[in-house]
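Okay, thanks everyone for coming. I'd like to walk you through one model today, so have a look at the screen and follow along with me.

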Amino acid sequence: MSENGGDSILTGSMKRLDGSDQDLSEFEGDVVLVVNTASKCGLTPQYEGLQRLYDEKNEAGFTVLGFPANDFFEQEPGGEDEIAEFCQVNYGVSFPMFAKTSVKGDDVNPLFATLTELSEEPEWNFAKYLIGRDGKLVSKFPAQTVPEDPEVVAAIDAAL
């Protein structure tokens, strides 16, 4: 539990791609990169960089949480099984992936509603929100910023 009590962004439960429930508070104490993803986007190859960061930094207390969303030009049309297979087969994704959701608009999920309130709405697929060990937002990186960008890596390392 973080010392800031109810101030953590990581609250509530959300469905994973496999249909199981995930309590987001289980990630408190870790440095977390929350990313809205899509399988049919020009930025989809960023899955590779996200997985590399996860592999390199997971043991130090870093994780990536992927949230597939169809909010931008319907670039995530598939269902949960299709998304899971795509991520595994094409990019070997092993970080936590959540059920398809909405990250903006009237039906935005609670996590992205909070992130938008604290920062700004995702402008496209692969917007990145860095959350510190205390469960508070550290920074937001634009969708076009690749996961391996020195600024992203430095922010993650500083939070670790």
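Let's start with strand 3, residues 31–37, and its partner strand 5: the two run antiparallel, and four bridges join them. If you want one pair to click on, take Val32, whose bridge partner in strand 5 is Ile131. One thing to keep in mind while you look is that this is a predicted model.

Now, strand 5 has a second neighbour. Strand 6, residues 137–141, pairs with strand 5, again in the antiparallel sense and over four bridges. Ile131 turns up here as well, and its bridge partner in strand 6 is Leu137. Strand 5 and strand 6 form a hairpin with five residues between the strands, and in that hairpin Gly135 takes a positive phi near 80°.

So what about the two faces of strand 5, covered or open? Both are covered. Lys128 and Leu130 are on one side, Tyr129 and Ile131 are on the other, and all of these are buried. Yes, that includes the lysine, Lys128.

Let's zoom out for a minute. How many helices and strands does the protein chain have? There are four helices and six strands. Reading from the N terminus, the order is β-β-β-α-β-α-α-β-β-α. The radius of gyration is 14 Å, close to the 15 Å that the globule rule gives for 160 residues, so the chain is as compact as a globular protein of that length. If you drew a box around the C-alpha atoms along the principal axes, it would be roughly 40 × 35 × 30 Å.

A few more whole-chain numbers. Of the 160 residues, 48% count as buried. Take the contacts with a separation of 6 or more: 66% of them come from residues 24 or more positions apart. The accessible surface comes to about 7,500 Å², and carbon and sulfur atoms hold 46% of that. On charge, there are 11 positive and 30 negative side chains, yet the centres of the two sets lie 2 Å apart.

Back to backbone angles, then. Most residues other than glycine have a negative phi. Here are two that go the other way. Glu74 has a positive phi near 50°, and you'll find Glu74 in the loop between strand 4 (62–68) and helix 2 (80–91). The other is Phe126, with phi near 75°, in the loop between helix 3 (110–118) and strand 5.

Which of these is buried and which is exposed? Glu74 is exposed, with a relative accessible area of 61%. Phe126, on the other hand, counts as buried, at 0% relative accessibility.

Last stop is another loop residue, Leu24. Leu24 sits between strand 2 (21–23) and strand 3, and is buried with a relative accessible area of 0%. What does Leu24 touch, leaving out residues up to four places away in sequence? The list is Leu10, Thr11, Gly12, Met14, Leu65, Phe98 and Leu111. And if you're wondering about Ile9, Leu24 is 15 residues from Ile9 in sequence and 8.7 Å away in space, going C-alpha to C-alpha.

That's my tour. If you take one picture home, make it strand 5, paired with strand 3 and with strand 6, and covered on both faces. Happy to take questions.

Definitions and conventions
Residues numbered from 1 in each chain as written. Predicted model: local features only at pLDDT ≥ 70, side-chain atom pairs only at ≥ 80, totals over all residues. Heavy atoms only, no water. Buried < 20%, exposed > 50% of the residue type's maximum accessible area, 1.4 Å probe, protein only. Pairing = 2+ DSSP bridges. Rg over C-alpha atoms; globule rule 2.2 N^0.38 Å. Contact = heavy atoms within 4.5 Å. Areas by Shrake-Rupley, 256 points an atom, 1.4 Å probe, with all protein chains shown as cover. Lys, Arg positive; Asp, Glu negative; His and termini not counted. Charge placed at Lys NZ, Arg CZ, Asp CG, Glu CD.
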